[in-house]
Amino acid sequence: MQLVSSFIGLQARYINDTRSVQMLTDSQNRIQAMSLVHERLYQTRGLSSINMREYIKDLAEALISSYKRQGNVILKLDIEKDISFDIDTAIPCGLIINELMTNSLKYAFPDETPGEVSISMREENGKIRLMFADNGTGLPEGTDPRQVKSLGLKLFYNLATKQLNGDVKLGTNKGAWFEVVFTPGITSGKA
Ligand SMILES: Nc1ncnc2c1ncn2[C@@H]1O[C@H](COP(=O)(O)OP(=O)(O)OP(=O)(O)O)[C@@H](O)[C@H]1O
Ligand SMILES: [Mg+2]
């Protein structure tokens, strides 16, 4: 997967039109989110669970540097230390954060405006609450992830409701916010 991702990166360098380069960069980041999970699994041989605090931090920081917004977009993480998931739960969580984070970096803070992205993940009564928020321009009025034609929010909604069996809420309040509440499976949950 790392190879596929580097290959797409190389391709992007040979293309001049910015929209195509953007599309390839987006694909590269989607693959990166999945390959980070695999990397973490190989690193912790024998362990089949991924620590979400470390994984989400790596993923979000990699996206900020991929969009060259270090020091400009500040990351606020509040992820319970001992939440670990197996690959079937970690990958959808990673892909969700990848889509939301990419959107914040692309749309929430135009023209290099500085901003903040907050991600929290906490356990409450056996359920996991994932909160994602930025303090940028906010979602376009009437954004409904069930109706959108674009891939990103549709992917977010499908991963959250179908893969994680979660409940989704979203809105705008000093920026875009998203919440997913789900019950981790038997093989996942607190390590
Ligand atoms: N955090 C955000 N702040 C402001 N606007 C946003 C934010 N997230 C999404 N949007 C708006 O919602 C639209 C839909 O987002 P979505 O991720 O579905 O599509 P996209 O990013 O345009 O394309 P894709 O994700 O398929 O590459 C975006 O085009 C943007 O206008
Ligand atoms: Mg998007």
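In this predicted model, helix α3 passes α4 in a right-handed crossing. The contact draws on Met-52, Tyr-55, Ile-56, Leu-59, Ala-60 and Leu-63 from α3. On the α4 side, the residues involved are Ala-90, Cys-93, Gly-94, Ile-97, Asn-98, Met-101, Thr-102 and Leu-105. Sorted by character, this set comes out as 11 nonpolar and 3 polar residues, with no charged ones.

As for geometry, two packed helices are described by the angle between their axes and the distance between the axes. Here the axes of α3 (residues 52-66) and α4 come within 10 Å, and they cross at roughly 30°. Angles under 35 degrees count as roughly parallel, so α3 is roughly parallel to α4.

Helix α4 also has a sheet to deal with. It lies across β2, β4 (115-124), β5 (127-134) and β7, and runs at about 15° to β5. The sheet itself is an open one, built from 5 strands in the order β2-β4-β5-β7-β6, with mixed pairing. At its edges sit β2 (73-79) and β6 (167-172), each of which pairs on one side only. From one strand to the next, the twist averages 10°.

Strands of a sheet pair through backbone hydrogen bonds, either parallel or antiparallel. For β6 and β7 (residues 176-182) the arrangement is antiparallel, and 6 bridges join the two strands. Among the bridge partners, Thr-172 is matched with Ala-176 of β7, while Gly-171 is matched with Trp-177 of β7. The two strands make a hairpin with 3 residues between them, and in this hairpin Lys-174 takes a positive phi near 55°.

Then there is the ligand. Ligand 1 is surrounded by 20 residues, and the closest are Asn-103, Ser-150, Leu-151, Gly-152 and Leu-153. Two elements, α4 (87-108) and α5 (151-163), give two or more residues to this shell. Helix α4 gives the most, with 6 residues. In character the shell is a mix: 8 of its residues are nonpolar, 8 are polar and 4 are charged. Helix α4 thus turns up in each of these settings: it is crossed by α3, it lies across strands of the sheet, and it contributes to the shell around ligand 1.

How values were computed:
Residues are numbered from 1 along each chain as its sequence is written. Chains are lettered from A and ligands numbered from 1 in the order in which they are written. This is a predicted model: local features need pLDDT of at least 70, side-chain atom pairs count only at pLDDT 80 or more; totals for chains, interfaces and linings use all residues. A residue is near a molecule or strand if its C-beta atom, placed from the backbone, lies within 6 Å of it. Helices (H or I, at least four residues) and strands (E, at least two) are DSSP runs, numbered from the N terminus. Ala, Val, Leu, Ile, Met, Phe, Trp, Tyr, Cys and Pro count as nonpolar, Asp, Glu, Lys and Arg as charged, and the others, Gly among them, as polar. Two strands pair if DSSP finds at least two bridges between them. Axes are lines fitted to C-alpha atoms, for helices over the stretch in contact, and angles run from 0 to 180 degrees between N-to-C directions. Two residues are in contact if their C-beta atoms, placed from the backbone, lie within 7 Å. Angles under 35 degrees count as roughly parallel, over 145 as roughly antiparallel, 65 to 115 as roughly perpendicular and the rest as oblique. A crossing is left-handed if the near helix is turned anticlockwise from the far one by less than a right angle, and right-handed if clockwise.
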